[in-house]
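Hi,

Here is the structure I promised to pass on. Have a look at it first, then read on for what turned up.

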Amino acid sequence: MLHNYVPAERKTEVSYDLSFLYGEDHGGFCFPCDATGKVLPFRYEEAERNYEYCMAHPEEFETFAEVMRFVNRYTEPAHGTCSCGEEVELYDQYCGACQCPKCGQWYNLFGQSLVPPECWEHDPAEEEYW
Ligand SMILES: [Zn+2]
């Protein structure tokens, strides 16, 4: 069994862009911001220069400094810590099971330890007892 088992979870992430658009299909600029339109810290100097340009030229944009909201829904897979210490993400790697990338231990999607897949197969040698 995995330690610290965390079941799969549906997540919703909301993000905002401050948009400056030239008009239909003519592109423009978008800057990550918070819900109030406050621009988040710039990662690149060029982005900051573009933002300053946009703010200084409102006449160029059909859409000026409008906050756009984006919703991203995704499933964070179940995960936990293997007995070897490795953090294992549980996904359907093979027949609803997956393997620890470090030590090779197999787990089902509930984090229960499994014997390796080669032991799951029916052993044809047993048929000889029929
Ligand atoms: Zn492991």
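The four donor atoms around the zinc ion subtend angles of 102 to 114°, so the arrangement is tetrahedral. For comparison, the ideal angle for four tetrahedral donors is 109.5 degrees. Keep in mind that this is a predicted model.

Which atoms hold the zinc ion? They are the SG atoms of C82, C84, C100 and C103, at 2.2 to 2.3 Å. Along the chain, these donors follow the spacing C-x1-C-x15-C-x2-C. Try finding C82 in the loop between β5 (79-81) and β6 (87-89), then C103 in the loop between β7 (97-99) and β8 (106-108). The two are 21 residues apart, so this pair links distant parts of the chain. C82 is buried, with a relative accessible area of 1%, whereas C103 is partly exposed at 41%.

Now for the rings. A search of the whole structure gives 14 aromatic pairs. One of them is F29 with F31, which is stacked: 6.3 Å centre to centre, with 5° between the planes. F29 counts as partly exposed at 23% relative accessibility, and F31 as buried at 4%.

W106 and W120 make an edge-to-face pair, because their planes sit at 75°, with the ring centres 6.2 Å apart. W106 is in strand β8 and W120 in the segment after β9 (113-114), 14 residues apart. Here W106 is buried at 9% relative accessibility, while W120 is partly exposed at 32%.

Last thing to look for: F20, Y22, F29, F31, F42, Y51, F61 and F64 form one aromatic cluster.

Cheers

Definitions and conventions. Residues are numbered from 1 along each chain as its sequence is written. This is a predicted model: local features need pLDDT of at least 70, side-chain atom pairs count only at pLDDT 80 or more; totals for chains, interfaces and linings use all residues. Side-chain values use heavy atoms; hydrogens and water are left out. Donors are N, O and S atoms within 2.8 Å of the metal (3.2 Å for Na, K and Ca); water is not among the atoms, so sites may look incomplete. Four donors count as tetrahedral if all angles lie between 85 and 135 degrees; four count as square planar and six as octahedral if opposite donors are over 155 degrees apart and all others between 65 and 115; anything else is irregular. Helices (H or I, at least four residues) and strands (E, at least two) are DSSP runs, numbered from the N terminus. Buried means under 20% relative accessible area, exposed over 50%, partly exposed in between (1.4 Å probe, protein chains only). Rings of Phe, Tyr and Trp (its six-membered ring) pair if their centres lie within 6.5 Å; planes under 30 degrees apart count as stacked, over 60 as edge-to-face and the rest as tilted.
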